Amino acid sequence: SNRRAPLSFSTRAAAAPSEGVEEQAEGLTDTQLRGRTAGLFSRGCFDYLERVAAPSVVVQKYKRLRAVEVALCGTLHDMVTDAALNFAARSLGLRERDEALYEHGDYSVVLEVATYHNRLRGKTVIERFFEKTKPAVGTDEHLVLAAMISARFTLLRLGETEPGFGVRVEDLLFGGNFLLADLPLSKGKKNVETIIATRPLA
């Protein structure tokens, strides 16, 4: 069904290695790497990552976590109720309700708002799923769900691309510059100013 379409999120990470660290990083287990970098998707660790993690290591982890995110989104979307979708449609100023929303051109936006902002007994569908499943700390599921819970919507100005990895961006709402791990965006055109609305996972 339409609800199972993955949200178009970018997963945020950073790595620009110094000479000779690729072999060192690739020799680390995932647990060791996460411990040394405070989590590849944590805010504030980018300078350290530039000295530790090789692009191939981060890309592999990005692909793995992205796959987990897509799978989780399918489950979460199935949990979104029609009432939640109607709430989201009303918040966005759309007239359509119920079944008519599934065919709307902005259905993916409606679904995102319903997933991230509609609250039942004070909790979003993501928070309820997190509490119900209780993923073990350190697992990919725990890492992705925790990132989804803390994710915030923003506008990013795309800058220089890093082929096969991502793109350097400027956060226009919260400030700061960082390297966004996103394979499709890494293939973008150069010297073309682009601003995207997204919810990076960090």
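**Note on helix packing and two loops**

1. Helix 5 (residues 82–91) and helix 6 (residues 107–116) pack with their axes 8 Å apart, at an angle of about 110°. The model is a predicted one. An angle from 65 to 115 degrees counts as roughly perpendicular, and helix 5 and helix 6 are therefore roughly perpendicular to each other. Their crossing is right-handed.

2. Which residues make this contact? Helix 5 contributes Ala84, Leu85, Ala88 and Ala89, while helix 6 contributes Tyr107, Val110, Leu111, Val113 and Ala114. Sorted by class, the contact of helix 5 with helix 6 has nine nonpolar residues, with no polar and no charged ones.

3. Tyr107 of helix 6, listed in that contact, also belongs to an aromatic pair. The structure holds one such pair. Its members are tyrosine 102 and tyrosine 107, arranged edge-to-face, with 5.6 Å centre to centre and 85° between the planes. The angle qualifies because planes over 60 degrees apart count as edge-to-face. Are the two tyrosines buried or exposed? Tyrosine 102 has a relative accessible area of 18% and is buried; tyrosine 107, at 6% relative accessibility, counts as buried too. The cut-off for buried is under 20%.

4. The loop between helix 6 and helix 7 contains asparagine 118. At 17% relative accessibility, asparagine 118 counts as buried. Leaving out residues up to four places away in sequence, asparagine 118 touches Ala84, Phe87, Val113, Lys123, Thr124 and Val125. Of these, Ala84 of helix 5 and Val113 of helix 6 are also listed in the contact between those two helices, and Val125 is buried in helix 7.

5. Helix 7 (residues 125–133) and helix 8 (residues 140–150) have axes that come within 10 Å and cross at roughly 150°. Angles over 145 degrees count as roughly antiparallel, so helix 7 and helix 8 are roughly antiparallel to each other. The crossing of helix 7 and helix 8 is left-handed.

6. On the helix 7 side, the contact is made by Ile126, Glu127, Phe129, Phe130 and Thr133; on the helix 8 side, by His142, Leu145, Ala146, Met148 and Ile149. By class, the contact of helix 7 with helix 8 has seven nonpolar, two polar and one charged residues. Ile126, Glu127 and Phe129 are among the buried residues of helix 7, as is Val125. Just after helix 7, lysine 134 takes a positive phi of about 45°.

7. The remaining points concern the loop between strand 4 (177–181) and strand 5 (194–198), where lysine 187 is placed. Serine 186 is in the loop between strand 4 and strand 5 as well. Which of the two is buried and which is exposed? Serine 186 counts as buried at 5% relative accessibility, whereas lysine 187 counts as exposed at 71%.

8. Where does this loop meet residues from elsewhere in the chain? Serine 186 touches Thr161, Glu162, Pro163, Gly164, Phe165 and Gly166, when residues up to four places away in sequence are not counted. The C-alpha atoms of serine 186 and glycine 166 are separated by 4.3 Å, although these residues are 20 residues apart along the chain. For lysine 187 and glycine 164, 23 residues apart along the chain, the C-alpha separation is 7.5 Å.

Note on methods:
Residues numbered from 1 in each chain as written. Predicted model: local features only at pLDDT ≥ 70, side-chain atom pairs only at ≥ 80, totals over all residues. Heavy atoms only, no water. Axes fitted to C-alpha atoms, helices over the stretch in contact; angles between N-to-C directions. Helix = DSSP H or I, 4+ residues; strand = E, 2+ residues; numbered from the N terminus. Parallel < 35°, antiparallel > 145°, perpendicular 65-115°, else oblique. Left-handed = near helix turned anticlockwise from the far one by under 90°. Contact = heavy atoms within 4.5 Å. Nonpolar A, V, L, I, M, F, W, Y, C, P; charged D, E, K, R; others polar. Phe/Tyr/Trp six-rings, centres within 6.5 Å; stacked < 30°, edge-to-face > 60°. Buried < 20%, exposed > 50% of the residue type's maximum accessible area, 1.4 Å probe, protein only.
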